[in-house]
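Biologist: I should be grateful for a close look at a single part of this protein. Please choose one strand, follow its contacts with its neighbours, and then widen the view to the surroundings.

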Amino acid sequence: PGLTREKLEELVREKILEFGGIIRRDAALLLVAKELGVQVTREIAPRVLTTLRIRDLAAGFRGVDLEGYILAKSAVTTNVEGRSYVRFLISDGDDAIWATAWGNLARELSSVRIFSKVLLRKASVVRRRGRLELSLSEGSQIEVRGMLSLSEAVELLQKFKVKTDVLLLRKIGRYSGGLLAFGLDARCNQVALHVQGDLLAGEPRLLIASNCAEERAGSLRVLKCREGCVLEPWEAPAATLCREEAYAGLSARGVAACFLLFRRSGGKALLVNSEGEALELLIFSDHQLLRVKELLGRSIEVWGLLQGRGGIKLSPYSLIEDIPEAGGSFSYSRACLLTAAGSTEVEATFVSLKLRYRCVEGRPLYHIAAVLDDGTASMRAVSNAKSVLRKIYGLEEEELCSATPSSIDAIADYVAEELLGGDAVVRGQVVGKAERIFVMHDIDI
């Protein structure tokens, strides 16, 4: 009141200069009106005077309304003072800014889904660690106004490089401490999701994961969901984001035929598919080898594989699962090594024989490696069978952990000297095509 238009324009220009020229004229006009004590209600003020764009914000603004999309958020957390809060990232399509909701508003925001379109009312703009952020506390409001489509959401995530992932899951495996899930992200990269606790219910095929820690295991992205991360199943139907071939190599399936130990830790396992082809998997964890040992002779599926120069490897996050299938006993056909295939019984001579073993937390891991010759051909042979260990060495597998290493080594050396050049009837399965291996199931010496 009492101001000429020229004086009002001067005050607006001064306010724009006060904020370094980063605010628009309509925002400056609103601030001048408030300083002069003019009550500009939301009902009569033009929308542009109350709802600002992110680029118009400056530290010190109060009572700001901002409309945008939630692209990321954390779970409800409590600070050292005992106040609960939620951090979230909001974008108006052109820019993005982090915000913090406090107290009851934090609990309200925890139920607002990621990718929601929201109107924030009466927010304050603060400077935190050198950058602008929004703060919503008592008196502030959040109004949900809609939802982004999945394609729109993915576009904004990529535009602002947000640490929120859209995951297309193919496998979810649960264990006592949480779960492991495998699939693709929105860029069709292969992903493993490691979740502690019971943060995810059901088995969603499309999942939004926000505020997860990330690491790499070779070519595999590994997202770790700990306290503070948010997992939200996407309920709406989704268009196909990735081609089927993007999943290739993420898993393998077959019968666990045998494994061989490396000298120190880990080893390699052979999976045999329905065509009799052997797939060699490199395993660097003895605990994973123990899992393979439990499932020998059964159909299994391994998820979270890495493709490398040395072959196909298991990652520390790989999942090894039993596939319930009707199994039958082996029926062995007598044959010579030259023509042997599938389930076979042969009479052959031991050309070499070696036992390798170790104990992992009191549980034995071992393999028996040999070369067999029946006059028609020579073939590598391997066994992890209790009966073969007992009949060749006179040992039960538990004794590999209870007896002294020196006594077991002495027995192994003695048996090798006695059996080399001797004949035996061996029953087992010939696997592989380019390089055949005889997996020994049983033996008569």
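Modeller: The account below begins with one strand and moves outward from there. The model is a predicted one, and what follows should be read in that light.

The strand chosen is β4, which spans residues 84–91. Of its 8 residues, 7 are buried, so that the strand is mostly covered. Three partners pair with β4 in the antiparallel sense: β2, β3 and β5.

The pairing with β5, residues 96–102, runs over 7 bridges. Within it, Tyr 85 has Trp 102 of β5 as its bridge partner. Between β4 and β5 the hairpin has 4 residues, and Gly 93 adopts a positive phi near 100° there.

On the side of β3, a strand of residues 77–78, the pairing with β4 counts 2 bridges. Here Thr 78 stands opposite Ser 84 of β4. The hairpin that joins β3 and β4 has 5 residues between the strands, and its Gly 82 has a positive phi near 85°. A glycine with positive phi is thus found in the hairpin of β3 and β4 and in the hairpin of β4 and β5.

The remaining partner, β2, covers residues 64–73 and meets β4 over 4 bridges. In this pairing Ile 70 is placed opposite Ile 90 of β4.

From β2 the path leads on to a charged contact. Glu 67 forms a salt bridge with Arg 145, and the closest N and O atoms are 2.9 Å apart. Glu 67 belongs to β2 and Arg 145 to β8 (residues 141–147), so to speak of the pair is to speak of distant parts of the chain, 78 residues apart. The two ends differ in cover: Glu 67 is buried because its relative accessible area is 17%, under the 20% limit for that class, whereas Arg 145 has 40% and counts as partly exposed.

Strand β8 also carries Glu 143, whose salt bridge with Arg 121 has its closest N and O atoms 3.7 Å apart. Arg 121 lies in β6 (residues 116–128), and therefore this pair ties β8 to a part of the chain that is 22 residues away in sequence. Glu 143, at 31% relative accessible area, is partly exposed. Arg 121 is also partly exposed, with a value of 21%.

Further salt bridges occur elsewhere, and the structure holds 34 of them. One of these joins the side chains of Glu 244 and Arg 170, at 2.7 Å from N to O. Glu 244 is in the loop between β15 (230–233) and β16 (251–261), while Arg 170 is in β9, and the two are 74 residues apart. Arg 170 is partly exposed, with a relative accessibility of 35%. In addition, salt bridges with shared partners connect Arg 334, Glu 345, Glu 347, Lys 391, Arg 427, Asp 442 and Asp 444 into one network.

Positive phi values are also found outside glycine. Lys 161 has a phi near 50° and sits in the loop between α5 (150–160) and β9 (164–175). With a relative accessible area of 74%, Lys 161 is exposed. Asn 211, also not a glycine, has a positive phi of about 65°. Its loop runs between β12 (206–210) and β13 (213–217), and Asn 211 is partly exposed at 40%.

Two further features concern nonpolar residues. On the surface, Leu 3, Leu 8, Leu 36 and Val 38 form a nonpolar patch with about 290 Å² of accessible area together. Leu 36 is located in the loop between α2 (25–35) and α3 (47–50), and its 43% relative accessibility makes it partly exposed.

In the interior, a search of the whole structure yields 2 cavities of 30 Å³ or more. The second largest has a volume of about 40 Å³. Its lining is made of Ala 269, Leu 271, Leu 281, Ile 283, Val 292, Ile 300, Val 302, Leu 314 and Ile 320. Two or more lining residues come from each of β17 (267–272), β18 (278–283), β19 (299–308) and β20 (311–322).

To return to the starting point, β4 is a mostly covered strand that pairs with β2, β3 and β5, and β2 is in turn linked to β8 through Glu 67 and Arg 145.

Notes
Residues numbered from 1 in each chain as written. Predicted model: local features only at pLDDT ≥ 70, side-chain atom pairs only at ≥ 80, totals over all residues. Heavy atoms only, no water. Patch = residues over 30% accessible without salt bridge, like charges linked within 9 Å, V, L, I, M, F, W, Y side chains within 5 Å. Areas by Shrake-Rupley, 256 points an atom, 1.4 Å probe, with all protein chains shown as cover. Salt bridge = Lys/Arg side-chain N within 4 Å of Asp/Glu carboxyl O. Buried < 20%, exposed > 50% of the residue type's maximum accessible area, 1.4 Å probe, protein only. Pairing = 2+ DSSP bridges. 1 Å grid on protein atoms, 1.4 Å probe; cavity = no way out; pocket = protein on both sides within 12 Å on 5 of 7 lines; lining within 4 Å. Points joined across faces, edges and corners; volume = space filled by probe spheres on them.
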